[in-house]
Amino acid sequence: MDHPNGSSTPRRFLGLDLGAETIKAVEVTVTGGAARVTGRRLVEHHKDPAAALGAALDGFVWDGLAGAAACGRLARLVALPAVPTKQAQAAGWRHRNGDGPATVVSIGSHGFSVLELRPGGAEVLRENSRCSQGTGNFLRQLVERLGLDLEAACRLAEHEEKPAPLSGRCPVILKTDMTHLANRGEDRGRIIAGLIDAVCQNVQVLVKPGISPSPVGLVGGVARSGRVRENFRKFLAKHGMAWVEQDPEEAVYAEALGCALLASAAPAAVPARDALLAAARPRAYDALPALAASLPRVRRMSLPVARGLSGEGARVAGGGATTVEGSGLRSATLHRTGPAQQASVVLGLDIGSTGSKAVAVDAATKEIRWEGYVPTGGQPVAAAQALVRQFTEGPAAACPVLTVGVTGSGREIVSSLGKTCWGVDRVYILNEIAAHAEGALH
């Protein structure tokens with residue numbers, strides 16, 4: 001970028017990209033008309049951008065800045081010139097890659113877009129709809145359901161050669177398909193690889209071969225995924241378009257860099273750091289009556305309390321038992337028919353997509369003797385093992401278990417294991433709707 005100030009005295013400028021989940025800051029120093037990056041920082045704000053902004057700026061010397069500008073969803077929070085994201089992307093890209101035609105694909109936390117830098121200076125921007133699919137936040141939510149953070153998930157899927165077949169046509173369907181695959185015991189690497197590929201296909205709809213200028217490059221946080229970059233590289237090669245190889249860490253700061261460069265092209269006074277946050281805008285809210293006023297309309301229901309259990313571990317006369325130590329369900333024993341010293345129970349397992357639950361119900365009185373919960377984490381068998389382990393280590397373990405019922409999206413794989421351990425005549429499968437209705441009626 002050419003700068004009107006050709007002075008040999010170095011002048012510093014700061015660009016801020018205040019996004020939906022992160023704050024990115026880039027410092028540019030201009031000397032003799034040439035700009036170079038002299039600092040950068042990224043901080044996740046966890047819905048507290050004011051505090052995170054302070055942490056981000058701690059890495060820079062505020063006094064002496066010759067100019068600053070901001071872009072992003074939360075740019076309104078600071079008393080700095082606001083730069084449209086499209087302009088910031090274009091400025092950052094051209095500084096790194098020259099002024100020629102190009103297509104810039106941006107995949108951020110809460111949105112994705114394609115910016116075409118056409119010959120003659122024309123710029124065309126296409127953005128995703130309000131649907132969240134394809135965004136970094138969407139990816140984060142789905143991989144967390146599998147018990148992984150986004151960085152670990154990307155590493156796991158990067159070199160997967162057989163991704164699970166997932167469609168990117170709808171985020172709800174995609175999430176459902178992932179859940180069913182996980183609860184059938186599918187390898188997590190294959191699932192995540194299929195998820196990333198589906199997200200890439202969703203974004204690539206905005207790239208128009210034959211219309212979008214070549215070469216093409218990626219910016220934004222999702223561009224750090226090696227599988228995302230490889231997917232785009234193959235897509236572009238298939239359509240005869242060139243790929244721009246660049247440092248994915250630098251690509252994260254494209255918009256913040258662009259803000260700093262635009263600030264350097266039009267220097268302006270920078271407010272004091274303690275005056276950086278813009279004054280809060282007054283907001284009006286509708287007032288509703290306090291909920292306490294409706295308390296007389298509430299009917300409180302008492303929670304059933306499990307009866308205390310005592311006595312030594314039950315033994316079944318003449319019945320025998322089947323243990324499950326070989327499967328990891330340690331110490332669990334299904335007792336066969338016959339007189340027992342303790343009340344017999346029926347064990348119910350609900351292996352859901354995010355949480356797994358278990359309840360031991362007195363076979364005669366239908367009273368709850370024990371209940372437990374664990375996160376599924378995309379591993380239904382491990383969740384079932386943890387629940388049975390909790391049961392066998394608790395006070396209800398003294399009760400003979402007559403039978404086991406299994407429901408939830410992980411019911412097939414867990415019931416299959418249960419039948420192997422305890423016998424086909426001791427494990428029953430129920431769909432969620434029937435189980436839900438029966439539990440609610442009880």
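Two strands pair if DSSP finds at least two bridges between them. Keep that rule at hand for the hairpin in Exercise 2. The model is predicted.

**Exercise 1. Lay out the sheet that holds E5 to E8.**

Task: Find the strand order of this open sheet, then name its edge strands.

Solution.
Step 1. Read the order across the sheet. The 4 strands run E7-E6-E5-E8, and the pairing is mixed.
Step 2. Look at the ends of that order. Strand E7 (123–127) and strand E8 (216–219) stand at the edges. Each has a single partner strand, so one side of each is left without a neighbour in the sheet.
Step 3. Add the twist. From one strand to the next, the twist averages 20 degrees.

**Exercise 2. Follow the pairing from E5 to E7.**

Task: State how E5 pairs with E6, and how E6 pairs with E7. Then find the residue with a positive phi in the hairpin of E6 and E7.

Solution.
Step 1. Recall the principle. Strands of a sheet pair through backbone hydrogen bonds, either parallel or antiparallel.
Step 2. Take E5 (residues 102–107) and E6 (residues 112–117). They run antiparallel and are joined by 6 bridges. One pair to locate is Ala-102 with its bridge partner in E6, Leu-117.
Step 3. Move on to E6 and E7. These strands run antiparallel too, with 5 bridges between them. Here Glu-116 has Val-124 in E7 as its bridge partner.
Step 4. Go to the turn. The hairpin of E6 and E7 has 5 residues between the strands. Gly-120 takes a positive phi near 90 degrees there.

**Exercise 3. Describe the sheet that holds E1 to E4.**

Task: Give the strand order, the edge strands and the twist of this sheet.

Solution.
Step 1. Write down the order. This open sheet of 4 strands reads E3-E2-E1-E4, with mixed pairing.
Step 2. Pick out the edges. They are strand E3 (34–44) and strand E4 (67–71), and each pairs on one side only.
Step 3. Note the twist. It averages 15 degrees from one strand to the next.
Step 4. Check one pairing. E1 (residues 11–18) and E2 (residues 22–31) are antiparallel over 8 bridges. Within this pairing, Gly-15 has Val-26 in E2 as its bridge partner.

**Exercise 4. Trace the network around Arg-126.**

Task: Which residues are linked with Arg-126 in a network of salt bridges? Is Arg-126 buried or exposed?

Solution.
Step 1. Name the members. Glu-116, Arg-118 and Arg-126 are linked in a network of salt bridges.
Step 2. Inspect one pair. The side chains of Arg-118 and Glu-116 form a salt bridge at 2.6 Å, N to O.
Step 3. Classify the residues. The cut-off for buried is under 20% relative accessible area. Glu-116 is at 0%, so it counts as buried. Arg-126 is at 18%, so it counts as buried. Arg-118 is at 29%, so it is partly exposed.
Step 4. List other contacts of Arg-126, which is found in strand E7. Its side chain reaches the backbone oxygen of Leu-206 at 3.0 Å. The side chain of Arg-126 also makes a polar contact with the side chain of Ser-212, at 3.3 Å.

**Exercise 5. Find what helix H8 is tied to.**

Task: Which parts does the salt bridge of Glu-250 tie together? Which parts does the salt bridge of Glu-249 tie together?

Solution.
Step 1. Start from the total. The whole structure holds 15 salt bridges.
Step 2. Take Glu-250. Its side chain meets that of Arg-96 in a salt bridge of 3.8 Å, N to O. Arg-96 lies in helix H2 (residues 85–97) and Glu-250 in helix H8 (residues 248–252), so the pair ties together parts 154 residues apart in sequence.
Step 3. Take Glu-249. Its side chain meets that of Arg-224 in a salt bridge of 4.0 Å, N to O. Glu-249 lies in helix H8 and Arg-224 in the loop between E8 and helix H7 (226–238), so this pair ties together parts 25 residues apart in sequence.
Step 4. Check exposure. Arg-96 is partly exposed at 37%, and Glu-250 is partly exposed at 31%. Glu-249 is partly exposed at 36%, and Arg-224 is partly exposed at 37%.

**Exercise 6. Classify a helix pair.**

Task: How do H5 and H6 run relative to each other?

Solution.
Step 1. Get the geometry. H5 (residues 171–183) and H6 (residues 188–204) pack at about 165 degrees, with axes 10 Å apart.
Step 2. Apply the cut-off. Angles over 145 degrees count as roughly antiparallel. That makes H5 roughly antiparallel to H6.
Step 3. Add the hand. The crossing of H5 and H6 is right-handed.

Notes. Residues numbered from 1 in each chain as written. Predicted model: local features only at pLDDT ≥ 70, side-chain atom pairs only at ≥ 80, totals over all residues. Heavy atoms only, no water. Helix = DSSP H or I, 4+ residues; strand = E, 2+ residues; numbered from the N terminus. Axes fitted to C-alpha atoms, helices over the stretch in contact; angles between N-to-C directions. Buried < 20%, exposed > 50% of the residue type's maximum accessible area, 1.4 Å probe, protein only. Parallel < 35°, antiparallel > 145°, perpendicular 65-115°, else oblique. Left-handed = near helix turned anticlockwise from the far one by under 90°. Polar contact = N/O pair within 3.5 Å; in protein donor to acceptor, adjacent residues only side chain to side chain.
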